[in-house]
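New to this one? Here's a quick briefing to read alongside the sequence and the 3D view.

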Amino acid sequence: MKKRITDFMLINFGLLLVSIGICLFKIPNHFATGGVSGLAIIASSLFPKIDVGPMMMIINIILLIIGYFFLGSDFGSKTVYSSFALSGLVWIIQKLIPLSHPLTDDMLLELIYSILFPAVGSAIVFNCNASTGGTDIVAKILSKYTKLNIGKTLMLTDFLIAIGAGAVFGIKIGLYSALGLILKAFMIDFVIEGLNISKQMVIISSKDLEIREFIVKELHRGATIYKAEGAFTHKQENVISTIVSRRQAIKLRTYIRSIDSSAFITISNTSETIGKGFRSIDDDN
């Protein structure tokens with residue numbers, strides 16, 4: 001229950017970041033870097049009486065109906081919630097902070113922030129096993145009826161939206177939108193990897209019993225102990241292998257140095273750890 005509440009709060013925070021990027025930077029500059037927000041920006045220019053937020057809601061409803069028809073119920077409750085919550089947040093922010101023109105006259109700077117906020121927000125949402133919906137559904141349909149994988153169909157869908165922005169708002173906006181789409185993909189991957197990084201520590205020490213106890217009782221983590229033989233001394237040693245968070249790695253390293261200054265420690269990054277105490281292998285969306 002606690003994890004579900006935490007995920008719900010994180011999803012809402014991520015959606016808030018996405019909506020800030022859309023309202024303050026994407027909409028005023030007509031950047032259509034894929035997704036339902038890109039479609040809504042284009043559609044709202046054709047139907048100026050409908051704001052981007054309500055237009056996103058309309059498009060999401062249409063896509064969810066199409067998705068249900070072609071895919072059945074192959075999208076989770078978190079994704080459905082995120083689709084409508086994002087539309088509502090965009091509509092609220094548009095009403096609270098109406099912008100008729102960009103915040104600055106530097107289009108490249110605006111593009112960077114239009115990518116930064118949604119990329120970080122989307123990464124947080126994706127990390128909770130949800131998505132912002134929308135064109136993900138289109139990509140799944142294309143993937144189902146073609147030989148392309150979901151990543152390629154999603155990129156194809158978003159590039160078509162960027163091309164649409166160029167057709168409606170001019171080649172300059174189209175090129176900026178395509179550039180933003182590429183940058184967004186890299187940024188999302190970078191943030192997700194950063195959110196999931198843990199530290200794998202391999203420790204050889206004469207104080208292995210004390211270190212084991214500290215890992216289990218103080219850090220509340222598990223560890224694997226195995227025997228190894230030194231290539232030079234041929235001496236048998238107990239090797240401790242454990243995976244901890246970044247903060248715990250600092251605590252453990254400090255503790256080891258305080259009791260055994262000659263301990264041998266290697267620390268490496270792990271971008272994804274699945275198991276008890278980390279991400280569950282059966283997390284659903």
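What follows is a short tour, from the overall layout to the cores and the sheet.

Keep in mind that this is a predicted model. The protein chain has 285 residues, and 42% of them are buried. Its secondary structure adds up to ten helices and four strands.

**Overall layout**

- Going along the sequence, you meet the elements in the pattern α-α-α-α-α-α-α-α-β-α-β-β-α-β.
- If you take the contacts between residues at least 6 apart in sequence, 73% of them join residues at least 24 apart.
- The protein chain exposes about 16000 Å², with carbon and sulfur atoms supplying 65% of that.

**The nonpolar cores**

- The largest nonpolar core holds 25 residues, and the ones touching the most other members are I22, V52, M56, L86 and V90.
- At least two residues of this core come from each of α1 (2–29), α2 (35–46), α3 (52–71), α4 (77–96) and α6 (135–145).
- There's also a second, separate core of 13 residues, with M201, I211, F214 and V244 among them.
- L86 is a handy residue to click on: setting aside neighbours within four places in sequence, it is in contact with L15, V18, S19, I22, M56 and T132.

**The sheet**

- The four strands form an open sheet in the order β2-β3-β1-β4, and the pairing is antiparallel.
- β2 and β4 (264–270) sit at the edges with a single partner strand each, so one side of each has no neighbour in the sheet.
- From one strand to the next, the twist averages 25°.
- In general, strands of a sheet pair through backbone hydrogen bonds, in either a parallel or an antiparallel way.

**Strand by strand**

- β1 (residues 198–204) and β3 (residues 236–244) run antiparallel and are joined by six bridges; along this pairing, I204 stands opposite V239 in β3.
- β1 also pairs with β4 in the antiparallel sense, over seven bridges, and here M201 stands opposite I267 in β4.
- That same M201 belongs to the second core.
- β2 (residues 224–229) pairs with β3 over six bridges, again antiparallel, and A228 has E237 in β3 as its bridge partner.
- The hairpin of β2 and β3 has six residues between the strands, and H234 there takes a positive phi near 60°.

**A helix on the sheet**

- Which strands does helix α9 (residues 208–218) lie across? They are β1, β2 and β3, and the helix runs at about 15° to β3.

Note on methods:
Residues are numbered from 1 along each chain as its sequence is written. This is a predicted model: local features need pLDDT of at least 70, side-chain atom pairs count only at pLDDT 80 or more; totals for chains, interfaces and linings use all residues. Side-chain values use heavy atoms; hydrogens and water are left out. A nonpolar core is a set of buried Ala, Val, Leu, Ile, Met, Phe, Trp, Tyr and Cys residues joined through side-chain atoms within 4.5 Å. Buried means under 20% relative accessible area, exposed over 50%, partly exposed in between (1.4 Å probe, protein chains only). Contact means heavy atoms within 4.5 Å. Accessible areas come from the Shrake-Rupley method with a 1.4 Å probe; for residues, only the protein chains shown count as cover. Two strands pair if DSSP finds at least two bridges between them. Axes are lines fitted to C-alpha atoms, for helices over the stretch in contact, and angles run from 0 to 180 degrees between N-to-C directions.
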